[in-house]
Structure formats: C-alpha cells, structure tokens
Amino acid sequence: MGNSETSKMKDSVIALPLPGRLTAVSFTPQPGVTFDEWADAVRVMGRLIRVTPWVVGDLLAYGEDHFGERAAQVFDELGLAPETISNYIHVARALPRARRRKTLPFSIHAEVAALPEGEQEEWLTRCEAKGWTRGQLREARGQSRRPLTDSCAHVCQKCGARFGG
C-alpha cells in the first residue's frame, strides 16, 4: 500500500490546550491567552470536528453490540437526525479503523462504505492520490445520488430494535 499506510488513522490523545469557560452554546477563553495557545486550540478543534462522526459511529456501534435495545433508547439524546446516526454507525462498522484515512473526510468514507472491502480500498486510494472531493468521487463512480448508507430508520444489529423511522 505504500504511502496510503502513512495516512491511515493513528490513535492519539486530544486535549483542548486552552483554559476557558465552556457552555452549551459558547466558549470564552480566559483573559491573557497568547496567540500560540489560541492557534493550538483551533488546530485541536479542527481535529475534533473531523473525528466526531467516527467517534459517534464507533461509540454507538459499541453500544449496540454490548447493550442491544437499551443503547437504541439513548441514540435520540445525541440530537442528530436518525439518518445521520444510521449513517455514522454503518460507516464505522463498514470501515475498520485500519482502512480509515485521516487525509480523507468522513463523507468520502461514507460513499464507499457499501462496497466490498477491496473496492473500498481501491476508491479510498484513488481519492487520496487525486485529492478528490465527495462530488468528484461520485462523478468518477457515475453516481449523482445520496450514498447507500442513508435510511429513515436504524436497526440494531444485535437485537433488531428500530429507532428514528
């Protein structure tokens, strides 16, 4: 796989290096924050934004596997559309951590999630090499519709419980 191996996600600890007050709708840095502290915090937030769909998908898939129907009862508390939740779980299950590319957005991974493993790898490698967007990937695959992972309801793989539909 060559260079693509270096771009696959690696485990790391993320901490917001900026003291301040966090509420449900705001963040106010403490007075006296330096430019470097602020810039570091912005970089960390960028990483958090990019990893959030993966974290949610992995977390909810774990909940389904370990808690069954009880987990589905908590999904609505995320405040996300049922289609989004279903998509996050499907993509997280369809793409093992070793196949995920940190250089590609979650949306690219979602586009290939329904494909067989070999085709996922092939398309992810192409997207990485060519710097494609989701739209360019769809065009290359001859698609103009939403990914196959969207649905109106999610069904727990362990217990069959449905939510959101």
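This note comments on helix 4, its aromatic neighbours, a pair of tryptophans and one loop residue in a predicted model.

1. Helix 4 covers residues 82-94, which makes 13 residues. At 1.5 Å a residue, a helix of this length should span 18 Å, and the end C-alpha atoms are indeed 18 Å apart, so expectation and model agree.

2. The buried residues of helix 4 are Ile85, Ser86, Asn87, Tyr88, Ile89, Val91, Ala92 and Ala94. When reading such a list, it helps to recall that an α-helix has 3.6 residues a turn, so residues three or four places apart point the same way.

3. How do helix 2 and helix 4 lie relative to each other? Their axes come within 8 Å and cross at roughly 85 degrees. Because angles of 65 to 115 degrees count as roughly perpendicular, helix 2 and helix 4 are described in that way.

4. The contact between these two helices involves several residues on each side. Helix 2 contributes Pro53, Trp54, Val56, Gly57, Asp58, Leu60, Ala61, Glu64 and Asp65. These meet Ile85, Tyr88, Ile89, Val91, Ala92 and Arg93 of helix 4.

5. The structure holds five aromatic pairs. One of them joins Tyr88 and Phe106 in an edge-to-face arrangement, with 5.3 Å from centre to centre and 85 degrees between the planes. This pair links distant parts of the chain, since Tyr88 belongs to helix 4 and Phe106 to helix 5 (residues 106-112), 18 residues apart.

6. Are Tyr88 and Phe106 buried or exposed? Tyr88 has a relative accessible area of 15% and is therefore buried, because the limit for burial is under 20%. Phe106, at 10% relative accessibility, counts as buried too. Together with Trp54, these two residues form one aromatic cluster.

7. A further aromatic pair consists of Trp123 and Trp132. Their arrangement is tilted, with ring centres 6.3 Å apart and 35 degrees between the planes. Both Trp123 and Trp132 are buried.

8. Trp123 also has arginine residues over its face. Arg126 lies there at 4.4 Å from the ring centre, and Arg141 lies over the face of Trp123 at 5.9 Å from the ring centre.

9. Pro31 is found in the loop between strand 2 (27-29) and helix 2 (35-67). With 83% relative accessibility, Pro31 counts as exposed, because the threshold for that term is over 50%. Pro31 and Gly20 are separated by 11 residues in sequence, and their C-alpha atoms are 8.4 Å apart in space.

Terms used
Residues numbered from 1 in each chain as written. Predicted model: local features only at pLDDT ≥ 70, side-chain atom pairs only at ≥ 80, totals over all residues. Heavy atoms only, no water. Helix = DSSP H or I, 4+ residues; strand = E, 2+ residues; numbered from the N terminus. Expected span 1.5 Å × (residues − 1). Buried < 20%, exposed > 50% of the residue type's maximum accessible area, 1.4 Å probe, protein only. Phe/Tyr/Trp six-rings, centres within 6.5 Å; stacked < 30°, edge-to-face > 60°. Lys NZ or Arg CZ within 6 Å of the ring centre and 35° of its normal. Axes fitted to C-alpha atoms, helices over the stretch in contact; angles between N-to-C directions. Parallel < 35°, antiparallel > 145°, perpendicular 65-115°, else oblique. Contact = heavy atoms within 4.5 Å.
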